[in-house]
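Reader: I am new to reading structures. Please take one part of this one and walk me through it slowly.

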Amino acid sequence: MASFTLHGIPVSRGIAIGRAHLLAPAALDVKHYLVAEEHVEAEVQRLQTAIAAVHRELQTLWNELPKDAPTELGAFIDVHALILSDPMISEAPLDIIRGRHYNAEWALVTQIEELSAQFDEIEDAYLRERKADISQVAERVLKVLMGSEPLALPQTGNPAEDEFMAQMVVIAHDISPADMLKFRDRSFIGFVTDVGGQNSHTAIVARSLDIPAAVGVSQASSLIEQDDWVIIDGEAGVVIVSPSALVLEQYRERQLAALRARKKLSKLKKTPAVTKDGTAITLLANIELPDDCGPALEAGANGVGLFRSEFLFMGRAANMPSEDEQFEQYRRAVTAMKGRPVTIRTLDIGADKPLDPTEHTALNPALGLRAIRYCLSEPQLFLMQLRAILRASCYGKVRILIPMLSHAFEIDQSLAMIEQAKAQLREANMKFDPGVEVGAMIEIPAAALSLPMFVRKMNFLSIGTNDLIQYTLAIDRVDYEVAHLYNPLHPAILHLISMTIAAGHKAGIDVAVCGEMAGDVKLTRLLLGMGLRDFSMHPAQLLSVKQEILNSDMGTIVPLTRKILRSMDPDGIADAVLALQTM
Ligand code: PEP
Ligand code: MG
């Protein structure tokens, strides 16, 4: 097959070389794993048994039709029985299990997706609508399958199969952040999606898993075919499909070079992050789940600067974590960090992190009932989370961080709710640290422009550059069509960041950056020059940033940063930031 290259938005460092695994959107809702050779026929049997069960179900429905039922009802059941007997449902998915080793559910939804695409192209409206019937039949089969015990587990135990899985890159139209997290236990080595932005939460999770990925690779899922060899250059956002042997060799060499560089960096783990002139910097980790504390410590983090607690809630609308379950998770993170501070951000649900992806979303979800707005509208849920966080404060140094504040009354209400949660704990004779610090995310321009309101009442600030850029430049961080406008070096952004750092320090409180800018080594010196002393980022980025800090000298950085902040010339700013890197 001829080689071709696709360009998208770079997401994370590293190069992945593997076989394409096309993920149908519906496949994300069902289990998907590869079945070992020796279990393939049993898996085929499992699907056949489910199909037979649905045949019996339809027959019973037919037999139990009341005499006066409209004739359409009987005809409807007949159509479903016919669809179920058609080889496109009764045979093709079996071939997928045998050929691709997919589990039964995955094979069925893959086949349905392919059929749906064919139906979309039919001109006859009546026939086109039969697509819904096919989906309904498939849903009946899936329901039976989901009630049956899977015969083969994701880890095959077969070295050849496992090696194959370890080489798979996922190609999908889109992947939600919650679905992305599901991949953390699997051996997929890279991701490519048709849509998405560099700072969407899906991209953020890919970075935190340290998996090479490219998003916004328009039409990748229709141009790339199952099992194609694919190279993902996560740093350039380039995807090479069916590469020549020469190109493959070059990328393998680059992979090895990157591995060697990482090994070298790991020697810095215990080195304090201090600039050449002796300025000490605190390097903190961003985590999604308590398990991420392992990699954070491994990278030598001084603590957790951002625990995105919403990842404990996503996809669990029907089964929300209780206060005890949350407490247990927060306590795990706090004890894992062994006395280092753990900054737990309260629930930032909404926008591209919905609690329930199937529920109605607002017209402009990023501007809607998100984060603290949502929490203040659900006081019982908020109080429960605050109690759980406070209880965990007995096990180490916990800090509470409130996202998306912009109004004075939101600050007051949040602080009042924290006091209420403390009172409830006292009443219940439960222990907590009464001195837990409370901080505000500065991620809405209105907040950055009314800092006195914040510094008076908060113990610390943390700048969320991802949203600060989104809301200042009025571009959806998830929308790849405006991704080219997402510019951290826009003078307006630089001003808001530097004003926030200066205001916090003048008031004597800590200011961190926990947005993706903090982990971008190209911007480390610029942030140092603005006075930033607390950087919070994915553990995977921490040592590269530390290396940059060790090689930096404030004496040369500060004057050039001041010049950059006075400039309104975007090209001049970009050149000067580049010059900072090479000083
Ligand atoms: C930010 O907005 O920069 C941030 C750190 O929060 P999130 O990316 O989770 O919105
Ligand atoms: Mg944010």
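What follows is a close look at the site of the two ligands.

Author: This is a predicted model. Start with the magnesium ion, which is ligand 2. Which residues are its protein donors? They are E443, through OE, and D467, through OD. Both lie 2.0 to 2.1 Å from the ion.

Now place these two donors along the chain. E443 sits in the loop between β13 (437-442) and α18 (445-448). D467 belongs to helix α20, residues 465-473. The pair therefore ties together parts that are 24 residues apart in sequence.

Are the donors buried or exposed? Buried means under 20% relative accessible area. E443 has 1% relative accessibility, so E443 counts as buried. D467 has 2%, so D467 is buried as well.

Next comes ligand 1. Around ligand 1 there are 17 residues. H201, R308, R345, N466 and R477 come nearest.

Look at the side chains that face its oxygen atoms. In R477, a side-chain N or O atom is 2.7 Å from an oxygen of ligand 1. For D467 the corresponding distance is 2.9 Å. For K353 it is 3.2 Å. Note that D467 appears twice in this story: D467 is a donor to the magnesium ion, and its side chain also has an N or O atom 2.9 Å from an oxygen of ligand 1.

How much of ligand 1 does the protein cover? On its own, ligand 1 has 290 Å² of accessible area, and the protein covers 100% of that. The space that ligand 1 takes is the largest cavity.

Which elements build the shell around ligand 1? Those giving two or more residues are α10 (201-208), β10 (304-308) and α20. Helix α20 gives the largest share, 3 residues. This is the helix that holds D467.

Follow the chain on from α20. A474 lies in the loop between α20 and α21 (491-506). Most residues other than glycine have a negative phi. A474 has a positive phi, near 55 degrees, and is not a glycine. Exposed means over 50% relative accessible area. A474 has 69%, so A474 counts as exposed. In contrast, D467 in α20 counts as buried, at 2%.

To recap, the magnesium ion has E443 and D467 as protein donors. Ligand 1 takes up the largest cavity. Helix α20 supplies D467 and the largest share of the shell around ligand 1.

Conventions. Residues are numbered from 1 along each chain as its sequence is written. Chains are lettered from A and ligands numbered from 1 in the order in which they are written. This is a predicted model: local features need pLDDT of at least 70, side-chain atom pairs count only at pLDDT 80 or more; totals for chains, interfaces and linings use all residues. Side-chain values use heavy atoms; hydrogens and water are left out. Donors are N, O and S atoms within 2.8 Å of the metal (3.2 Å for Na, K and Ca); water is not among the atoms, so sites may look incomplete. Helices (H or I, at least four residues) and strands (E, at least two) are DSSP runs, numbered from the N terminus. Buried means under 20% relative accessible area, exposed over 50%, partly exposed in between (1.4 Å probe, protein chains only). A residue is near a molecule or strand if one of its heavy atoms lies within 4 Å of it. A polar contact is a pair of N or O atoms within 3.5 Å; within protein, one must be able to donate a hydrogen and the other to accept it, and residues adjacent in sequence count only if both atoms are side-chain atoms. Accessible areas come from the Shrake-Rupley method with a 1.4 Å probe; for residues, only the protein chains shown count as cover. On a 1 Å grid over the protein atoms alone, a cavity is a set of points where a 1.4 Å probe fits but cannot get out, and a pocket is an open set with protein on both sides within 12 Å along at least five of seven lines; lining residues have an atom within 4 Å of a point. A molecule sits in a cavity or pocket if more than half of its atoms lie within 2 Å of its grid points.
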